[in-house]
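Please look at the structure shown below before reading on. The explanation moves from the whole protein to its individual parts.

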Amino acid sequence: MATPEFVGAVGRAVQTRIYQAGALGRRPRVPVSPDRLQRAAQRRMSKAAWAYVAGSAGQQRTAQANQEAFRRWQIVPRMLRDVSERDNSVELFGERLPSPMLLAPIGVLEMVHPGADRAVAEAAAQVGLPMVMSTQASVPMERIARSLGSAAAWYQLYWSRERELVASFVRRAEAIGSKAIVVTLDTNLLGWRPRDLDLGHLPFIRWMGIAQYTSDPVFQDLVRRRAGRPRSATARRAPTPGMVRTLLGLSRRYPGPFLSNLRGLGPLAAVETFLDVFANPALTWQDLGFLRELTDLPIVLKGIQHPDDARKAVDCGVDGIVVSNHGGRQVDGAVASLAALPRVAQAVGGAVPVLFDSGVRSGADVVKAIALGATAVMVGRPYVYGLALAGATGVAEVLRYLMAEFDLTMALAGCSSVEQIDAGLLQDERE
Ligand code: FNR
């Protein structure tokens with residue numbers, strides 16, 4: 001894959017641009033330090049958007065552990081190794097990535113910025129990193145793909161209760177030229193998320209983050225069939241002001257004329273259909289065969305934390321795994337994703353690529369994940385904060401910062417290529 005912006009020393013290019021602008025009195029519009037980035041984004045976002053994006057499961061302990069786990073491992077830099085020429089790229093499923101990073105699938109981006117997934121795709125195109133499109137995206141995948149330019153599209157699948165819908169999503173992903181199907185396993189039910197619960201706010205019920213569904217012919221058929229069935233208790237209840245507000249919002253977003261949407265309750269039927277089909281807690285390893293039959297694209301399982309599951313995945317013939325705990329959004333008090341990585345990487349033993357996410361906040365974090373066995377990482381919340389602050393420009397800036405810091409950290413640690421980053425570069429704080 002071509003690198004539209006960077007050839008060679010990314011780190012110095014980004015650094016120099018920022019310092020030169022600084023000399024002219026201009027500070028970066030998107031903060032570089034991860035903490036300041038997060039605080040600035042919080043100020044810009046609505047309460048509900050902040051709760052949804054920054055919030056995690058339960059007491060947020062897994063989310064905290066994800067970041068703390070990076071402290072345990074410390075880089076031990078090596079000297080005098082000529083790092084003047086560097087190669088930050090890695091190969092993944094036959095494509096060259098300019099840096100070992102992908103944009104993690106993140107749903108409901110319309111809560112953060114009106115450009116949503118389109119803005120993220122524009123940024124991915126600018127820096128040349130693959131974007132993993134979410135099943136809970138705010139924009140249909142065909143539209144996102146148009147903004148991606150020559151950057152790679154991957155598709156993340158939430159495995160619906162309706163197999164025909166699964167098949168339809170996969171067919172559409174193939175049609176837009178998706179390079180891989182990422183099946184997220186850790187969300188066969190929605191986790192217990194107190195910050196959203198305290199606001200009584202689930203975006204999908206408000207017609208946000210369901211664009212892949214409403215644009216899908218199989219889903220539309222399910223909605224039509226459902227419209228003939230008795231309405232749910234919520235729909236039958238006497239309307240409250242809150243309900244009316246929600247229904248007005250739904251009717252505005254739903255395709256078709258506003259008034260007929262409001263009268264026909266079509267949006268409600270679609271939301272109810274979504275809630276019926278979204279998650280499939282009955283899924284087992286056997287179901288993967290259905291997907292294998294369906295597509296020749298690489299299948300990547302996201303959400304693996306246990307080495308036995310990693311071995312099972314390889315035995316099932318999948319093409320890659322993502323060591324992830326969904327940013328701590330699903331199980332509170334779970335193992336930090338980075339703590340799970342070494343054992344999973346060892347279990348996989350190089351049979352398939354091992355990707356990593358949950359807690360990556362800096363280029364140094366990327367170096368550590370790679371040293372512990374990851375082929376590449378997925379960047380999550382940081383790019384959403386960039387989106388909140390400055391749309392596509394903000395996302396691209398955050399990605400450039402990560403790529404730049406990765407390049408410089410790699411070089412300063414004495415490595416001139418990603419292959420040279422290995423466990424020998426790290427020291428365990430506990431030893
Ligand atoms: C996510 N994540 C996610 N994963 C997925 O497979 N499909 C999805 O639609 C979403 N949606 C989503 C929304 C929001 C707001 C967040 C924060 C996360 C999980 C995501 O892909 C990734 O695993 C985490 O973001 C990694 O954690 P950090 O590094 O962002 O904390």
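The paragraphs that follow begin with the protein as a whole and then turn to selected strands, helices and residues.

The model is a predicted one. In it the protein has 19 helices and twelve strands. The radius of gyration is 22 Å, close to the 22 Å that the globule rule gives for 431 residues, so the protein is as compact as a globular protein of that length. Along the principal axes, the C-alpha trace spans about 75 × 55 × 40 Å. Of the 431 residues, 57% are buried. The accessible surface comes to about 19,000 Å², and carbon and sulfur atoms account for 51% of that surface. The contacts may also be considered by their separation along the chain: among those with a separation of 6 or more, 75% are between residues 24 or more positions apart.

A group of paired strands offers a suitable place to enter the structure. Strand 5 (residues 131-133) and strand 6 (residues 153-157) run parallel and are joined by three bridges. Within this pair, Met133 has Tyr155 of strand 6 as its bridge partner. Strand 6 also pairs with strand 7, again in the parallel sense and over three bridges. Here Leu157 stands opposite Val183 in strand 7.

How are the two faces of strand 6 covered? Ala153, Tyr155 and Leu157 lie on one side and Trp154 and Gln156 on the other, and all of them are buried. Since five of the five residues of strand 6 are buried, this strand is largely enclosed by the rest of the structure. Strand 7 (residues 181-184) can be described in a similar manner: Ile181 and Val183 point one way, Val182 and Thr184 point the other way, and all are buried.

Tyr155 also appears among the contacts of a residue in a helix. Gln212 lies in helix 9 (residues 211-214). With a relative accessible area of 0%, Gln212 is buried, because a residue counts as buried under 20%. When neighbours within four places in sequence are left aside, the residues in contact with Gln212 include Ser134, Thr135, Met141, Tyr155, Phe169 and Arg172.

Helices can be examined for the way in which their buried residues are arranged. In helix 4 (residues 61-72), a simple check of length comes first: at 1.5 Å a residue, its twelve residues should span 16 Å, and the end C-alpha atoms are 17 Å apart, which agrees. The buried residues of helix 4 are Thr62, Ala63, Asn66, Ala69 and Phe70. These residues cover an arc of only 120° around the axis, which puts them on the same side of helix 4. Their cover includes strand 1 (73-75), helix 17 (337-348), strand 10 (354-356) and helix 18 (363-371).

Helix 16 (residues 307-315) can be read in the same manner. Which residues of helix 16 are buried? They are Pro307, Ala310 and Ala313. Seen down the axis, they fall within an arc of 115°, so they line one face of helix 16. The buried residues of helix 16 pack against strand 8 (299-304), strand 9 (320-323) and helix 17.

The backbone angle phi draws attention to several further residues. Most residues other than glycine have a negative phi. After helix 16 comes Gly317, whose phi is positive, near 85°. Gln60, a residue other than glycine, has a positive phi near 70°. Gln60 is found in the loop between helix 3 (47-54) and helix 4, and it is buried, with a relative accessible area of 11%. Ala116 is likewise a residue other than glycine with a positive phi, near 40°. Ala116 is found in helix 5 (residues 116-127) and is buried, with a relative accessible area of 1%.

The final residue to consider is Pro28, which lies in the loop between helix 1 (10-23) and helix 2 (34-44). Is Pro28 buried or partly exposed? At 35% relative accessibility, Pro28 counts as partly exposed, because this value lies between the limits of 20% for buried and 50% for exposed. Apart from neighbours within four places in sequence, Pro28 is in contact with Ile18 and Tyr401. Pro28 and Ser178 are 150 residues apart in sequence, and their C-alpha atoms are 34 Å apart in space.

How values were computed:
Residues are numbered from 1 along each chain as its sequence is written. This is a predicted model: local features need pLDDT of at least 70, side-chain atom pairs count only at pLDDT 80 or more; totals for chains, interfaces and linings use all residues. Side-chain values use heavy atoms; hydrogens and water are left out. Helices (H or I, at least four residues) and strands (E, at least two) are DSSP runs, numbered from the N terminus. The expected span of a helix is 1.5 Å times one less than its number of residues. Buried means under 20% relative accessible area, exposed over 50%, partly exposed in between (1.4 Å probe, protein chains only). The arc is that of the directions from the helix axis to the C-beta atoms. Contact means heavy atoms within 4.5 Å. The radius of gyration is taken over C-alpha atoms; the globule rule is 2.2 Å times the number of residues to the power 0.38. Accessible areas come from the Shrake-Rupley method with a 1.4 Å probe; for residues, only the protein chains shown count as cover. Two strands pair if DSSP finds at least two bridges between them.
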